[in-house]
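Biologist: Can we go through the ligand site together? I'd like to hear what stands behind each label.

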Amino acid sequence: MTINTTLTLRADAPIGTISPRLYGHFAEHLERCCYDGLWVGLNNKDIPNIGGWRTDVVNALKAMPVPLLRWPGGCYADHYHWRDGIGPADKRPQRLGMSCGLQVEDDNGIGTHEFLELCRLIGAEPYLAGNMGSGSVQEMCDWVEYCNATIDTTITRERAANGAPNPFNVKLWGVGNENWGCGGSYDAESYANEYRRYATMLRHVDPTAELVICGHNDEWNEAVIRTNRNHFGLMDHFSIHRYWLQGGAEVDFSEAQYYALLGEAHDTELFIEQTAAYLREYAPKDAKFVGIALDEWGVWHPEARPWGPDKELQRVPLSYEQANTMRDALSIGIALEVFHRQCNILTLANLAQIVNVLHAPIMTQGEAMWITPTYYALQLHTPHIGATALPVDVANGSTIPGGKSEASTQAVSATASTGANGTAVTLINRHFDQSASVTLVTSGVSGVVKAQMLSAESPRLQNSVAQPDTVGLSDLAVHADGSNQWRIELPPHSMATITFN
Ligand code: AHR
């Protein structure tokens, strides 16, 4: 059976700009993400590195790309004291770091300067998460001053003495992380009140800093926004996290679980819309716009967590590293369709996490590095970054078991954009085992510049250190089918991007 469907690009109905910040990533001091995955140390002679950062990983990140990078947590942020990570490396303290119930020994080899240098190397905007759990307002104010102040103070002299006479000008600052849980077990009202104190003082230090307030579930979000309804000016982005948990085993999932995970990914849109509805409901007349920051998202398989559904699958001992199959790559594409549709209210997003941990595009083992299907899924979307999102109408498509929203049941879906480099469309055939014959109707394009596809024999396939090229990109045939009409054949569970001039 082949699905026959027609997709029409709506160049007449632009949605908005796809901010590069929607393609952000997240690096936490959790297991082998930062230490080992990204950072191998200044004196490492075995693994080629640039000032301690793995050269192979840096090059792969540059090519992905990574427009935004959040650090140092996550839960880790609410134990992190930034002063531990400045000054001569051999004088830095060895601390107990903590995230997700896991204690780590942190020699603070990666500190503010090192992290911001990584951002410079890969072309990412930094996003720093401050410590509200075990820190203080003054500590966070000092961090902002250290990074951004232009006036002559003891703190800015210290920055200069540590090698950075000019301010780093870090715009994005998280005021705590998951403060309903690991970041202090606050209730919503107490957090909202405490947030205001932080935000007021931080604004005094740097009025241009963009502050991210911590959200959670609908109940918390409504209460935090309601409590701060007269203080929209103190909030720039409202943080929510969404991990997809319903997909069963990481590799040996059933067909029903395959669809459950994709449906869950699609329904992230409902969570974004609900959060936006609370922001609209409580916004005073003429209130400053507050965006939504989905600053942790992705698949979290049961093998890699001690909580949530399918606990019996948890790996022992527990590790936050997990498989990354073609199914996981499709979930990335589905989420990016959502981000493009919601680009007027979603202001940033960070996939969790960037190397080795959770839904990682890149894996390392000793000297070896390989890239996952998720990496290719992200790379396929590069033409959309910074472009204008366009809606895509779907007609005559088959349906599949989806999530809660009706749109999640479409077997074939797509997102499109138009920008300085032409028009791009990314298509997904979500069907488990049926191929799709797609008629794509465009307007105002003259020809195909590039067409690439991500596919695999089975949605359960992944890459590994021994077989790094099992899942990868291939060229896609696009046949002209009349004026501004194209025919594309998509295998089951596949994704493709076509760029037109
Ligand atoms: O990404 C792993 C953890 O998940 C983060 O530390 C925390 O914010 C979330 O619960």
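Modeller: Sure. A polar side-chain atom of Glu-296 lies 2.7 Å from an oxygen atom of the ligand. This is a predicted model, where local features need pLDDT of at least 70, side-chain atom pairs count only at pLDDT 80 or more, and totals for chains, interfaces and linings use all residues. Residues are numbered from 1 along each chain as its sequence is written, and side-chain values use heavy atoms, with hydrogens and water left out.

Biologist: What makes the Glu-296 pair a polar contact?

Modeller: A polar contact with a ligand is a pair of N or O atoms within 3.5 Å. Glu-296 is at 2.7 Å from a ligand oxygen, so the pair counts. Glu-178 also puts a polar side-chain atom 2.7 Å from a ligand oxygen, while Cys-75 uses a backbone N or O atom, at 2.9 Å.

Biologist: Which residues of the shell are closest to the ligand?

Modeller: Glu-28, Cys-75, Glu-178, Tyr-243 and Glu-296, out of 14 that surround the ligand. Being near takes a heavy atom within 4 Å.

Biologist: Why is the ligand's space called the largest pocket?

Modeller: A molecule sits in a pocket if more than half of its atoms lie within 2 Å of the grid points, and the space taken by the ligand is that pocket. Its lining has 27 residues, with Glu-178, Trp-180, His-241, Tyr-243 and Trp-307 nearest the centre. Strand S12 (residues 237-244) gives the largest share of that lining, three residues.

Conventions
On a 1 Å grid over the protein atoms alone, a cavity is a set of points where a 1.4 Å probe fits but cannot get out, and a pocket is an open set with protein on both sides within 12 Å along at least five of seven lines; lining residues have an atom within 4 Å of a point. Helices (H or I, at least four residues) and strands (E, at least two) are DSSP runs, numbered from the N terminus. A polar contact is a pair of N or O atoms within 3.5 Å; within protein, one must be able to donate a hydrogen and the other to accept it, and residues adjacent in sequence count only if both atoms are side-chain atoms.
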